[in-house]
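Thanks for asking me to look this one over with you. Here are my notes, point by point, so keep the viewer open as you read.

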Amino acid sequence: MEYIGTVAKCIYSVPGFTVFRFRTSQEEFTALGRLDGIREGEKLYLRGTFENHPEFGRQLKIESWEKIIPTDRDEAVELLSSGIVKGVGPATARKIVDALGPGAVEKILENPDVLNSIKGLGKKAPKIARSIMETYSAQRAVKELVSFGMTVNAAQKIYRAFGRQAPELVKLNPYCLTEVDGMGFLKADEIAQKIGVKRDSRFRVEAGVLFILNEALWKEGHTYLPVEKLLEKTLALLNKEYDCVTREQVLEALNHSDIKAHTRGISLAWAYRCEKDIAENIGRLRGKLSAIDPEPVIACFEKAHGITLTPGQREAVKMAVNSGLSILTGGPGVGKTATVRAVVHVFEKLFPGKEIRLAAPTGRAARRMAEVTGKQACTVHRLLGIDRSGKPAFNRNNPLDCGLLIIDETSMMDCFLARNVLNAVKKGTRVLFVGDPDQLPSVGPGSVLKDILSSSVPKVTLTEVFRQAAESQIITNAHRINRGLPLLIDRSRTDLFFIEKDEPEEIARSVVTWAAGLSRKGEDVQVLSPKKDGFLGTWELNRLIQEAVNPAGREIKYGNQTFRVGDRVIQTRNNYEKYVFNGDIGVIKRIGSKVEVQFNGDVVPYSYDELWELELAYCISVHRSQGSEFGTVIVPVSTSHYFMLARNLLYTAVSRAKKRLVLVGSKKALAMAVKNDSPVKRYTMLGEFLNFSSA
Ligand SMILES: Nc1ncnc2c1ncn2[C@@H]1O[C@H](COP(=O)(O)OP(=O)(O)OP(=O)(O)O)[C@@H](O)[C@H]1O
């Protein structure tokens, strides 16, 4: 349906999205869509379809729109005197239209100098011209960008990023589009071809190299690629359709300021710098700070807690209180937490008055740390005071004021977070990293914990599983998996179940029955899947479990997901404005003009346009579950995701379960996963930087 009318009232507006009342000669209604820079009183052409919103009723969802340039005298006067130019009222507006005719606005757009010929406008002339240009420039730029072959949405996004010069910039180098959120190389390349950029242009080759390095960084965690690998991937990308780019051209493109060539290969310059910073910080912080014998204080701790620390735990306490930087590692149930408690106790006695800070990369891990140590713990983001723009308040110039900093779940720290943490530590502070290197690597780039472990930084690895922990079949089997041994299950006990099913459909049905049954009882239950797609992937299992546990109620559709009040959801990116982070799990409390999600007490509103940040969380990926523990964990194990069946994946999934683990699948798949110990190697520089600096 198409409509022409005027904007009667703006109701809600954020960049790229506006809700307003629209008045045509027949009726007035609410319209909403991806509009920018519209004002009350403006005349618009709208095309869209009416839909019925559960709360706001009938409203027009705009598919395309245009500001109409007035062509009759009254409309031209109305526009010019509508307030778009300060100080221009009806009299001046009439003067302009009298002089330039009913098409005055179009004439000004074509040649702003026409205003100079009108007597009495004086200094107002350039101001009027600028306002008119601005009013219509977005539309003109968007139109031109659309003519390059992009969608209106994409064109608006690009206009917001580059402003009025967007079409010129895109014509000059369409690969500048890769700087715009959500506009990768492939899209830019498509546009470049449409506007006739040569396939072997330097811009294209450079953009191709940067694309491959970014993909390697963000999708596979590599902070560099060996030259041959980079060449192979870049040439495959650029010569996919036609053989047009040579090896030499790619090598030449490596002389780009954003690219760093080094002994091992090629990095993005800033990623290289990041690992270098980590190594420099470690060099700055490491070393012996004291030579205290903590034994007498350890004895007090043992008396107070009624336990005797093992030799490994004693060594770890001694190491932590005397070293600038040290690492404590080990699998589940080996006494890491008890050691952390001892370190805190001993440090408090040895250095009274010095502050101790505890933190972990995720909210759930931080809460667990606080529970088990009885001390306050926070997320690393909060520790560093990371602000809305992602910048930390604590850094090299404004370091944290504490004597001891303990970070748990360090296997989850990617190189950017690790750099930020270490930047914020002043010399003299003792830093203890605690983690399990056999867990999956961090979601983000790098292999920080493993790389530091490969250096000569002081470390203690605990291996003995304590009696209490050994009583748990979950813990003993986690260790068996880690050692490549088959699972041992005592069916008379209730903490570990293996439900044997072969077909993916059967597995899915059983997973849903278990998940729905336990969550109806109010238990803390989490399904973990190795992948997103397919019958046993997170998308499909979420849909099935939602159907079983929350089939009806107030809902909102976004993409291929339906969110309902009561649904469990997960945040999928760090949002510093909302202070909600990748991996935080919440529950939808209300769906109105905003979707309100409760994360541990805080209710956070999401506008429709922000719903892409959320996913249903009845089932989440094993990667996302890192650093969290759940009462019951249910894991489908099928040969249908055989390529993902790696030992560290199963180990991570299993060790997320606190009280009960339910494995559903085939024995063959389970055996394959346990056997497959060839985790994909990440190409990182940190190990080399550290070994070089300590050599
Ligand atoms: N020295 C000790 N003597 C006796 N029991 C101990 C000792 N150290 C730890 N424990 C007990 O062993 C169990 C496991 O210890 P802890 O929770 O510290 O392990 P963890 O490595 O932190 O495990 P997870 O990573 O699974 O949390 C706990 O019940 C703890 O109280």
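1. Let's begin with the cysteines, and with Cys-402. At 6% relative accessibility, this residue counts as buried, because the cut-off for buried is under 20%. Its sulfur has its closest cysteine sulfur in Cys-378, 10 Å away, which is too far for a bond. Keep in mind throughout that what you are looking at is a predicted model.

2. Now take the view from the other side. Is Cys-378 buried or exposed? Cys-378 counts as buried too, with 15% relative accessibility. The closest cysteine sulfur to the one in Cys-378 is that of Cys-402, and the 10 Å between them is too far for a bond. A disulfide needs two cysteine sulfur atoms within 2.5 Å, so this pair does not qualify. How many disulfides does the structure hold? The count is zero.

3. Time to step back and see the whole thing. The protein has 695 residues, and 53% of them count as buried. Its secondary structure comes to 26 helices and 25 strands. If you draw a box along the principal axes, the C-alpha atoms fill roughly 95 × 60 × 60 Å.

4. Next, find the barrel. Five strands close into it, in the order 1-2-3-5-4, and the pairing is mixed. On average, neighbouring strands of this sheet are turned by 45° against each other, ignoring direction. For a closer look, pick strand 4 (residues 43-53) and strand 5 (residues 57-67): they run antiparallel and are joined by ten bridges. To see one pair of residues facing each other, look for Glu-51, which stands opposite Gln-59 in strand 5.

5. There is also an open sheet to find. Five strands make it up, in the order 14-25-24-15-23, and their pairing is parallel. Which strands sit at the edges? They are strand 14 (496-500) and strand 23 (619-621), each of which pairs on one side only. From one strand to the next, the twist averages 25°. Strand 14 pairs with strand 25 (residues 657-665) in the parallel sense, over five bridges. Glu-500 has Gly-665, in strand 25, as its bridge partner.

6. Strand 11 is a nice one for seeing how side chains alternate. Leu-404 and Ile-406 point one way from this strand (residues 404-407), Leu-405 and Ile-407 point the other way, and all of them are buried. Strand 11 runs parallel to strand 9 (residues 356-360), with four bridges joining the two. Strand 11 also runs parallel to strand 12 (residues 430-435), again through four bridges. Ile-407 is a handy marker here: this residue is the bridge partner of Ala-359, and Ile-407 also stands opposite Phe-433 in strand 12.

7. Now for the holes. How many cavities of 30 Å³ or more does the structure hold? There are four, and the largest has a volume of about 90 Å³. Among the residues lining the largest cavity are Thr-410, Ser-411 and Met-413, along with Pro-437, Gln-439 and Leu-440. Further along the chain, the lining also includes Ser-447, Val-448, Leu-449 and Lys-450. Sorted by class, the lining has six nonpolar, five polar and one charged residues.

8. Don't assume that a loop residue has to be on the outside. Leu-536 lies in the loop between strand 15 (525-529) and helix 22 (538-549), and yet Leu-536 is buried, with a relative accessible area of 1%. In the sequence, Leu-536 and Pro-504 are 32 residues apart, while their C-alpha atoms are separated by 6.7 Å.

9. Last, a helix residue to set beside that one. Ala-166 belongs to helix 6 (residues 166-172). At 0% relative accessibility, Ala-166 counts as buried. Ala-166 and Val-527 are 361 residues apart along the chain, and 46 Å separates their C-alpha atoms. Try finding both in the viewer and drawing the line between them yourself.

Key: Residues numbered from 1 in each chain as written. Predicted model: local features only at pLDDT ≥ 70, side-chain atom pairs only at ≥ 80, totals over all residues. Heavy atoms only, no water. 1 Å grid on protein atoms, 1.4 Å probe; cavity = no way out; pocket = protein on both sides within 12 Å on 5 of 7 lines; lining within 4 Å. Points joined across faces, edges and corners; volume = space filled by probe spheres on them. Nonpolar A, V, L, I, M, F, W, Y, C, P; charged D, E, K, R; others polar. Buried < 20%, exposed > 50% of the residue type's maximum accessible area, 1.4 Å probe, protein only. Pairing = 2+ DSSP bridges. Axes fitted to C-alpha atoms, helices over the stretch in contact; angles between N-to-C directions.
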